[in-house]
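Take a look at the chain below. This report walks through how its strands and helices fit together.

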Amino acid sequence: MRLLEYQGKELFDQFGIRTPRSYLANNLMEARAGAKKLGYPFVLKSQLTVGGRGKAGAILKCKTETELEPKFTELLHKEVKGELPRGILLEEMADIKKELYLSLFLNRSKRCYSLIASAEGGVEIESARNKVVVDVPIEGINSQVAEDTAAKLGLVGKEAIAFVDLATKLSKMASEKEAELAEINPVAILGDGSMLALDAKVIIDDNAMFRHPELKKYEHISELEKQAEKSGFSLVELDGNVAIIGNGAGLVMSTLDLVSDAGGKAGTFLDFGGRATTETIYEALTVISKIKRVKAILVNLFGGIVRTDLVAQAILDAYKNNVITVPVFARISGAESEKARRMLNGSNAKLYPTVEEAIDAAVSAVGKNQVA
C-alpha cells in the first residue's frame, strides 16, 4: 500500500520525525483556510502515489494570495502519469542549508532492511553519487551504524547527532509498521543543524496489513474496485489498455507478465476465482466496460471448478446487450471448453489455442489501433 505524502508524514510525526507545518486541502475553500494558518509564501504539492511530481510541474510555490486560486486549481486538475491528485498539500517553506537523501527498503533477498543515504538530496537516488548502502537488521538500526553512516556523509557536530536521531526513528517506524520502503527525499538540514523531512514516501507491505488496523484508514479503493468486491471478484485498476481476466490470482499475475513481455500494458487485474457464475462474469465485464482506456479484453481461463461455458454465455450476453464493444481475445481450456468454443464461434470473441497467441493478437490489435 503506497501512502500519500501527507499520510507518510502523519506516521513520521508519530515517531518524532520532524516535518514542516502543512495543511491538506481538497477544495479552494480549504486551501484559503490553510493559507491563512500558514502565511505566505508556501508550497503547493499534489498528493499522488506516482513519482516525478516535480518534473511534471505538480509542485508549485505560492508567494501571494492572488496566486493561490489559479495555482491550486491548476494542480487539482493536473494529471501526472494518468493519476489525478487526491488533495493538495499546502506546506510551509523551510530555510534550507543543504539536503540529504535517506531511505530504508526491505531487502527480501537478504531478509533485512537496507539503508541508503546520500549527501545529495532532491535527486533520483539512481543518479546520486557517493551513496552509502548499509544492511541493517529487521528490528532496526543501531546507533553505531547510524554514526558511521553520518561520518561517511561528511556530517559532524549537531548535524551528525541529528542524522543519527533521524535514521534511528525512521528505522523504528519502518520496522514497527512493516514498511517495504520508507524514504525521505530530501532531508533538509537547517541552519541550526537540525533536520526536517521535506517529503515522505512510504510503502506498507500488503501482506502485513491485517496486523495494522490503524493503517486501514489510508487504504484507497476506487468505486469500481468496491463494486467488484461486492460482486465477489478481485479487481485492480492499472494504467494500460488491455484488460486481463482469469480465474486464480497466480494465473492472472503470470498473464500480466506475459502481456508485458509481448509489449502490451495491462489495464486491469481481474480474478473471478473458482466460483464464477454467468452473472458474476457478466458483472465483471460490466465493470471493465466503465474503464474507458481499455481497448481490448484478454481472457485466460482454465476451467477446473469453473465451467467455461458459463464464461462464454456471459461474454455473449455482454455483447448482445452492448455492455462491451471492444474485442475479446481468449484462451479457454478445461471443463466444458469445447462447448464454450462452439458457443463463441462467429462472435466478436476470438479464441486461440494458447495464451501466447491470444496475447500477441490482443497487443497487436491495440498497438495498431484496430480490432479486426
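The sections below cover the sheet, the helices on it, the nonpolar cores and one helix pair.

## The sheet

This is a predicted model. Its open sheet has four strands, in the order β1-β4-β2-β3. The pairing is antiparallel. β1 (22-25) and β3 (59-62) are the edge strands, and each pairs on one side only. On average, neighbouring strands are turned by 25° against each other, direction ignored. Strands of a sheet pair through backbone hydrogen bonds, either parallel or antiparallel.

## Strand β4 and its partners

β4 (residues 88-92) pairs with β2 (residues 42-46) over five bridges, in the antiparallel sense. Look at serine 46: its bridge partner in β4 is isoleucine 88. Phenylalanine 42 stands opposite glutamate 92 in β4.

β4 also pairs with β1, again in the antiparallel sense, over four bridges. Here leucine 24 has leucine 89 of β4 as its bridge partner. Is β4 enclosed or open to the outside? Four of its five residues are buried, so β4 is largely enclosed by the rest of the structure.

## Helices on the sheet

Helix α1 (residues 5-14) lies across β1, β2 and β4. It runs at about 50° to β4. Helix α3 (residues 65-76) also packs on the sheet. It touches β1, β2, β3 and β4. The direction of α3 makes about 170° with that of β3.

## Two nonpolar cores

The largest nonpolar core has 42 residues. Which of them touch the most other members? They are Phe12, Leu102, Leu155, Phe163 and Met195. Helix α5 (residues 157-176) gives the most to this core, with nine residues.

Leucine 155 shows what such contacts look like. It touches Lys98, Leu100, Ala150, Ala160, Phe163, Ile189 and Met195, leaving aside residues up to four places away in sequence. A second, separate core has 33 residues. Among them are Leu224, Ile291, Ile297 and Val311.

## The α6 and α8 pair

Helix α6 (residues 223-231) packs against helix α8 (residues 278-289). Their axes are 10 Å apart, and the angle is about 180°. That makes α6 roughly antiparallel to α8, because angles over 145 degrees count as roughly antiparallel.

Which residues meet here? From α6 come Leu224, Gln227 and Ser231. From α8 come Thr280, Glu283 and Val287. By class, the contact has two nonpolar, three polar and one charged residues. Leu224 appears here and also in the second core.

Conventions. Residues are numbered from 1 along each chain as its sequence is written. This is a predicted model: local features need pLDDT of at least 70, side-chain atom pairs count only at pLDDT 80 or more; totals for chains, interfaces and linings use all residues. Side-chain values use heavy atoms; hydrogens and water are left out. Axes are lines fitted to C-alpha atoms, for helices over the stretch in contact, and angles run from 0 to 180 degrees between N-to-C directions. Helices (H or I, at least four residues) and strands (E, at least two) are DSSP runs, numbered from the N terminus. Angles under 35 degrees count as roughly parallel, over 145 as roughly antiparallel, 65 to 115 as roughly perpendicular and the rest as oblique. Contact means heavy atoms within 4.5 Å. Ala, Val, Leu, Ile, Met, Phe, Trp, Tyr, Cys and Pro count as nonpolar, Asp, Glu, Lys and Arg as charged, and the others, Gly among them, as polar. Two strands pair if DSSP finds at least two bridges between them. A nonpolar core is a set of buried Ala, Val, Leu, Ile, Met, Phe, Trp, Tyr and Cys residues joined through side-chain atoms within 4.5 Å. Buried means under 20% relative accessible area, exposed over 50%, partly exposed in between (1.4 Å probe, protein chains only).
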